[in-house]
Amino acid sequence: MTNTFPIISLSTERLVLRPLDLGDVPALTAMMNDEQVAAWTDVPRPFTEDVARRWIIEDAPAERNTGRGLDLAVTEFLTGRLVGIVQLTKTSWRIRSTEMAYIIAHWARGEGYAFEAALTTAQWLFREQRFERVELRTAAGNTASQQVAQKIGCISEGVLRNACIAHVRADDGTWSDLRTDYIVWSLLPEDLAGVGEELTDSGGYRPYSSGWN
């Protein structure tokens with residue numbers, strides 16, 4: 001039984017989810033320097049193009065090759081523009097479980113891209129990879145991420161008190177840590193019933209192996 005994710009590309013009517021490549025460096029750098037991304041994640045601040053290249057060349061391949069996870073670029077189907085990232089981490093191949101996170105560029109928010117990308121990834125995990133559980137953790141104040149979790153059918157399992165460190169930017173531009181709670185969500189195969197009917201009606205995602213390294 002495999003213990004690494006395949007090199008894969010997934011497509012919907014609006015999006016293509018594929019491996020990151022070096023052509024994504026400028027857009028990835030701009031996306032990760034957004035203040036909301038800095039507030040709710042632990043990305044380096046500032047997020048430079050060198051950091052983006054290292055992520056694409058070293059970090060993402062290592063995550064997949066070791067079986068720990070998978071990083072997917074979320075791009076618009078028609079334009080090819082990078083609109084976000086979906087990450088799978090802390091993968092357990094024995095219990096077929098992984099943790100999912102998603103980031104959407106500031107200019108692409110409000111279009112339903114996070115929902116579509118997260119749902120497409122979950123469908124692929126359950127149907128093609130035979131996973132049994134997807135877990136999400138959202139900071140207590142990150143309502144946008146919580147709304148996506150609810151929309152794809154996740155069930156809130158509880159709160160990890162004081163387990164998350166968010167970040168707050170002061171007027172002088174400096175950042176400080178703010179300890180807060182994590183809300184833990186789970187998604188099981190049966191939770192997807194009736195969710196995302198627009199994707200189901202159009203045939204859902206379309207997986208195909210690619211030549212990306």
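This talk goes through the pocket, the nonpolar cores and a few backbone details of one predicted model.

I'll start with the pocket. The largest one holds about 1300 Å³ of space. Its lining comes to 44 residues, and those nearest the centre are Trp 40, Thr 41, Ala 101, Tyr 102 and Ile 103. Several elements give two or more residues to that lining: the helices α2 (35-40), α3 (49-65), α4 (113-127) and α5 (143-151), and the strands β4 (82-92), β5 (97-104), β6 (133-139) and β7 (155-169). Sorted by class, the lining has 24 nonpolar residues, 12 polar and eight charged.

Now to the cores. In the largest nonpolar core there are 38 residues, and the ones with the most contacts inside it are Phe 5, Leu 17, Met 100, Tyr 102, Trp 124, Leu 136 and Leu 187. Helix α4 gives the largest share of this core, 10 residues. There is also a second, separate core of 18 residues, with Leu 28, Val 43, Val 51 and Ala 60 among them.

What does Leu 136 touch, if we leave aside neighbours within four places in sequence? Its contacts are Met 100, Tyr 102, Ala 149, Cys 154, Ile 183, Val 184 and Trp 185. Tyr 102, then, is in contact with Leu 136 and is also one of the residues nearest the pocket centre.

Back to α4 for a moment. Of its 15 residues, 14 are buried, so the helix is largely enclosed by the rest of the structure. Its length can be checked as well: 15 residues at 1.5 Å a residue should span 21 Å, and the end C-alpha atoms are 21 Å apart, which agrees.

Next, the loops. Between α2 and α3 sits Pro 46, and the peptide bond leading into it from Arg 45 is cis, with omega near 0°.

Two arginines have positive phi. Arg 96, in the loop between β4 and β5, has phi near 55°. Arg 130, in the loop between α4 and β6, has phi of about 60°. Which of them is buried and which exposed? Arg 96 has a relative accessible area of 12%, under the 20% cut-off, so it is buried. Arg 130 is at 53%, over the 50% cut-off, so it counts as exposed.

Last, Phe 77, which is in the loop between β3 (70-76) and β4. With 41% relative accessibility, Phe 77 counts as partly exposed. From Phe 77 to Pro 61 is 16 residues in sequence, and 24 Å in space, C-alpha to C-alpha.

Key
Residues are numbered from 1 along each chain as its sequence is written. This is a predicted model: local features need pLDDT of at least 70, side-chain atom pairs count only at pLDDT 80 or more; totals for chains, interfaces and linings use all residues. Side-chain values use heavy atoms; hydrogens and water are left out. On a 1 Å grid over the protein atoms alone, a cavity is a set of points where a 1.4 Å probe fits but cannot get out, and a pocket is an open set with protein on both sides within 12 Å along at least five of seven lines; lining residues have an atom within 4 Å of a point. Grid points are joined across faces, edges and corners, and a volume is the space filled by probe spheres set on the points. Helices (H or I, at least four residues) and strands (E, at least two) are DSSP runs, numbered from the N terminus. Ala, Val, Leu, Ile, Met, Phe, Trp, Tyr, Cys and Pro count as nonpolar, Asp, Glu, Lys and Arg as charged, and the others, Gly among them, as polar. The expected span of a helix is 1.5 Å times one less than its number of residues. Buried means under 20% relative accessible area, exposed over 50%, partly exposed in between (1.4 Å probe, protein chains only). A nonpolar core is a set of buried Ala, Val, Leu, Ile, Met, Phe, Trp, Tyr and Cys residues joined through side-chain atoms within 4.5 Å. Contact means heavy atoms within 4.5 Å.
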